[in-house]
Each structure stands twice: as C-alpha cells, then as structure tokens.
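This report goes through one protein model, starting with a helix and its cover and ending with the overall layout. Please keep the sequence and the structure at hand while reading.

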Amino acid sequence: DREIKQFCSLNFGIQFPLFAKISVKGKDIHPLYAYLTKESGYPGDISWNFNKFVIDRTGHAAARYGSRTDPLDKEITEKIESLLSAD
C-alpha cells in the first residue's frame, strides 16, 4: 500500500487518501467491485486500473468511465458538479 501511494504521489501528484490494494475482478473480487460491476446499473468487468465510478450522495452509482478517460474530463467533472448541486 505504501508503494502504491508513493507511486501515485510521484507520478500523478495525488494528495487524497487511497484505499488499500484490493482485487477488482476474478475469484477474489472485493465486495464493493462485485456490486459495482454486477448490480450498480453499470455492469461489466473492470478493463484495467483506473476505471472510474461516480457515486452520488446516497451511495448509488451515478456514472461509470473507462480507464482511458481522464479524471478531469469535462464529462466527469460536469457529472460530479450536477450531483453536488442536486438537492
């Protein structure tokens, strides 16, 4: 976990907290990703690291983006902004 944090900090400049390394597919899939990829309304296997799910204030998946979508892509930021401004 420490190596992952260091890699992400050095290569991507992240400063937010990270989860511990977990399995996102396969027989050891973490329950969170089992839900996200099967029951959230955005089904499908994780294709590679950095697939993104946007979760609303109630804990429901509101969108899903592939690993090649930049986290600051306008589509993602507009989705997050719309969810933050919703009542």
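What covers the buried residues of α2? The cover includes β1 (52-55) and β2 (61-65). The model is a predicted one, and the values below are computed from it.

## Helix α2 and its cover

Helix α2 spans residues 31-38, and its buried residues are Y33, L36 and T37. Viewed down the helix axis, these residues fall within an arc of 85°, so they line one face of α2. A general rule of helix geometry applies here. An α-helix has 3.6 residues a turn, so residues three or four places apart point the same way.

The other side of α2 holds P31 and K38, which are exposed. Strands β1 and β2 are among the parts that cover the buried residues.

## S40, after the helix

S40 is found in the loop between α2 and β1. Is S40 buried or exposed? Its relative accessibility is 10%, and because the limit for buried is under 20%, S40 counts as buried.

The side chain of S40 has polar partners in the backbone. One of its polar atoms lies 2.6 Å from the backbone oxygen of L36, a residue that is itself among the buried ones of α2. The side chain of S40 also reaches the backbone nitrogen of Y42, at 3.2 Å. Setting aside neighbours within four places in sequence, S40 is in contact with Y35 and A61.

## N51, in the loop before β1

N51 is found in the loop between α2 and β1. With a relative accessible area of 14%, N51 is buried.

Which polar contact joins the side chain of N51 to another side chain? The partner is R64, and the contact is 3.4 Å long. A polar atom of the N51 side chain also lies 2.9 Å from the backbone oxygen of W48. Beyond four places in sequence, N51 touches D45, I46, R64, Y65, G66 and S67.

## S67 and F7

S67 is found in the loop between β2 and α3, the latter spanning residues 74-85. Not counting residues up to four places away in sequence, S67 touches S47, W48, N49, F50, N51 and K52. The contact with N51 thus appears in the lists of both residues.

F7 has its place in helix α1. At 46% relative accessibility, F7 counts as partly exposed. S67 and F7 are 60 residues apart in sequence, and their C-alpha atoms are 17 Å apart in space. For F7 and R68, the separation is 61 residues along the chain and 18 Å between C-alpha atoms.

## The largest pocket

How much space lies in the largest pocket? The volume is about 1400 Å³. Its lining has 31 residues, of which L18, Y33, N49, F50 and N51 are the closest to the pocket centre. Two of these have been met above: Y33 is a buried residue of α2, and N51 is a buried loop residue.

The elements that give two or more residues to this lining are α1 (2-12), α2 and β1. The largest share, four residues, comes from α1. By class, the lining divides into 22 nonpolar, six polar and three charged residues.

## The second largest pocket

The second largest pocket has a volume of about 260 Å³. Its lining is made by K52, F53, V54, I55, P71, L72, I76, T77 and I80. Strand β1 and helix α3 each supply at least two of these residues. Which element gives the largest share of this lining? That element is β1, with four residues. By class, there are seven nonpolar residues, one polar and one charged.

## Overall layout

The protein has three helices and two strands. From the N terminus on, the elements run α-α-β-β-α. Along the principal axes, the C-alpha atoms fill a box of roughly 40 × 30 × 20 Å.

The protein has 87 residues, and 20% of them count as buried. Among contacts with a separation of 6 or more, 14% are between residues 24 or more positions apart.

Definitions and conventions:
Residues numbered from 1 in each chain as written. Predicted model: local features only at pLDDT ≥ 70, side-chain atom pairs only at ≥ 80, totals over all residues. Heavy atoms only, no water. Buried < 20%, exposed > 50% of the residue type's maximum accessible area, 1.4 Å probe, protein only. Arc of directions from axis to C-beta. Contact = heavy atoms within 4.5 Å. Polar contact = N/O pair within 3.5 Å; in protein donor to acceptor, adjacent residues only side chain to side chain. 1 Å grid on protein atoms, 1.4 Å probe; cavity = no way out; pocket = protein on both sides within 12 Å on 5 of 7 lines; lining within 4 Å. Points joined across faces, edges and corners; volume = space filled by probe spheres on them. Nonpolar A, V, L, I, M, F, W, Y, C, P; charged D, E, K, R; others polar.
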